[in-house]
Amino acid sequence: MVSCCPCFNSDDLHDDYIPLPMSPTSAAANGRALPDQYELLLVSKQSQSPVNLLLLDEGLVVTRRKKNALGQVAASLSISKASSSCIKTFPYLQVLSARSTRSSPEATATRVSIAAVYSKGGTGPAKLFQLEGDVHEVGHDREERERGSCRVEWWCEELMRRAYDGVKPNRRLRVLLNPIGGKGKAKQLWETDISPVLRAAACVVKVEHTGPSSSPSNATNLARTHDFTAYDALVTVSGDGIVHEVLNGLACRPDGLAALRSTPIIPIPAGSGNALQVNLEGPQRANDCVWAALAAIKGTPVALDLCSITQKDKRYYSFLSQAFGLMADLDLGTEHLRWMGDTRFTVGYVQGALTRRTYPVELAVKIAPNGTDKAFLAKSYNDALARPPPPIDDQSGAGDALPELQFGTAEDELPEEARGRVHQDLPERLEEGWHTLKTDVQFVYGGKLPFVAKDVKLFPPASGNDGLIDLAIVGPISRMDALSGMDGAATGQIFHNSNTRYYRCSSYRLTPLTPKGYVSIDGESVPHEPFQVEVHKALARCLALKGSFWGKQISMH
Ligand SMILES: Nc1ncnc2c1ncn2[C@@H]1O[C@H](COP(=O)(O)OP(=O)(O)OP(=O)(O)O)[C@@H](O)[C@H]1O
């Protein structure tokens, strides 16, 4: 067993951990010219049938090859021929490892092992693909065979160079696994889907189980003492709840700013709510643990805003959402339906819509410029999507501490200009500044990211790192409107509904006007009491394969 990192003991490493061959000065790469064609002929160990492996612009292409070509490191197969007989293409981002070994100088074959993640059509469920076979040398003497073997070694190094272009191989990952997350399947998913992918990429992995919030091993505590210099990323095999706990643990440290910025989080979806994964990799990847594992290996940091929620003398950090009214009830009031998985949210919504329950509330909102103009918000989102993501600013902010609260803590009053201006409703166009509203609602939902669940895109134009938060407010509506209100929820229809008031703001304060009910912060229950929200721009980091949140143009209709 080989360890390249003094901070890990051998128990932390996979049994077959061998650092990936990335040295630019290795014997094979040193001073050798590129072959004319980046192509290998390999006799697959699994099927005994020969395949061609080509390094093309679009990625590693594996094609079938006729038996009579056996024994050649072919240099003649044209690319057009290759694509017509192509069986699989792996973009380099999906290639995990390529190794060559030769048993002895006399050997007439070099063993090649390749691992990659395959996704049919680029959107199909991701699967681990492993290929091992021999490249037979055609030379008559030992020297010729050695030359052939070196070329195979070079080929593997070239593939690795392309596969890890701009990405550090052998990432050191700390994995926090919630053994009861979702339907309690996290452990099994780890064994069957996640661990084999990380192992194939020779990641250095340390796995720990999280404990319930009352235990010392809860994820908040684990994050509070996380040594971020010893790991490249922190992986959660869980739902959004553990991500919330981890972010809160990192944020409440004296060195919170450095801890958040130096700890990219990668969610592997194994809970009942996996919204962060959906926002990072798209709804088709909502439950795709293999794809998320690939993101842990190859993902690029993306900045994520955090919201400070203050309630009495408590401060929580929220990365996803704050829900009040029906949307809080359907999450927290359906705990007894947990066995249903995601379906419990739908059942909760239908129950609430049928009873037409409404919730009196007082809101004070500091609205951003043009923050109530849905067409403007959609256009800004579309424009941003068309541009490359801006570089992450790691310099702003003084020292290690988190930004000061603008509201202050505890039961601070609203800023002067917001007091005593209670309207029944907000006027159509609002200037920048504080506005207040006292009304009955079906729900109020604050969100930082477009999706709050796999099938609910509540905030289509939300940006994860613009320093602002989006608010959706739905007032009392008929049963029919409430039931049809969720039509098209997966594609963002709620944003377009005329029943939905939509505000982009920098802060808000919500005061429930009934004694009992639920308030949900990132899906976790907090007391049913007034709370205030403000946003800190780009405080945390996640990893996404494309280096940005998943997005889709919004069409205004
Ligand atoms: N070993 C454990 N035993 C019991 N509860 C745990 C354990 N580890 C974590 N938890 C709790 O699990 C919750 C978070 O679960 P997770 O993030 O995996 O999924 P979720 O989708 O947010 O919620 P869930 O799947 O529970 O609906 C937190 O409340 C946390 O305290």
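Which domains does the domain assignment of the protein chain give? In this predicted model, the assignment lists domain 1 (20–163), domain 2 (170–298) and domain 3 (308–557). Domain 2 and domain 3 are in contact, with 37 residues taken from domain 2 and 33 residues from domain 3.

On the side of domain 2 that touches domain 3, several elements supply at least two residues each: helix H5 (240–251), helix H6 (256–261), strand E11 (265–269), helix H7 (275–281) and helix H8 (289–298). Helix H5 gives the most, with seven residues. By residue class, this side of domain 2 divides into 20 nonpolar, eleven polar and six charged residues.

Helix H5 also appears in the surroundings of the ligand. The shell around the ligand takes its largest share, three residues, from H5. There are 19 residues around the ligand, and those that come nearest are Gly181, Ser238, Gly239, Gly241 and Gly271. The shell divides into four nonpolar residues, 14 polar residues and one charged residue.

A residue of another helix can be placed as well. Trp154 lies in helix H2, which spans residues 142–163. Is Trp154 buried or exposed? Trp154 counts as buried because it has 21 C-beta neighbours inside 10 Å, and the cut-off for a buried residue is 20 or more. Trp154 and Gly182 are 28 residues apart along the chain, and their C-alpha atoms are separated by 45 Å.

Conventions. Residues numbered from 1 in each chain as written. Predicted model: local features only at pLDDT ≥ 70, side-chain atom pairs only at ≥ 80, totals over all residues. Helix = DSSP H or I, 4+ residues; strand = E, 2+ residues; numbered from the N terminus. Buried ≥ 20, exposed ≤ 12 C-beta atoms within 10 Å, placed from the backbone. Domains from an automatic or database assignment. Contact = placed C-beta atoms within 7 Å. Nonpolar A, V, L, I, M, F, W, Y, C, P; charged D, E, K, R; others polar. Near = placed C-beta within 6 Å.
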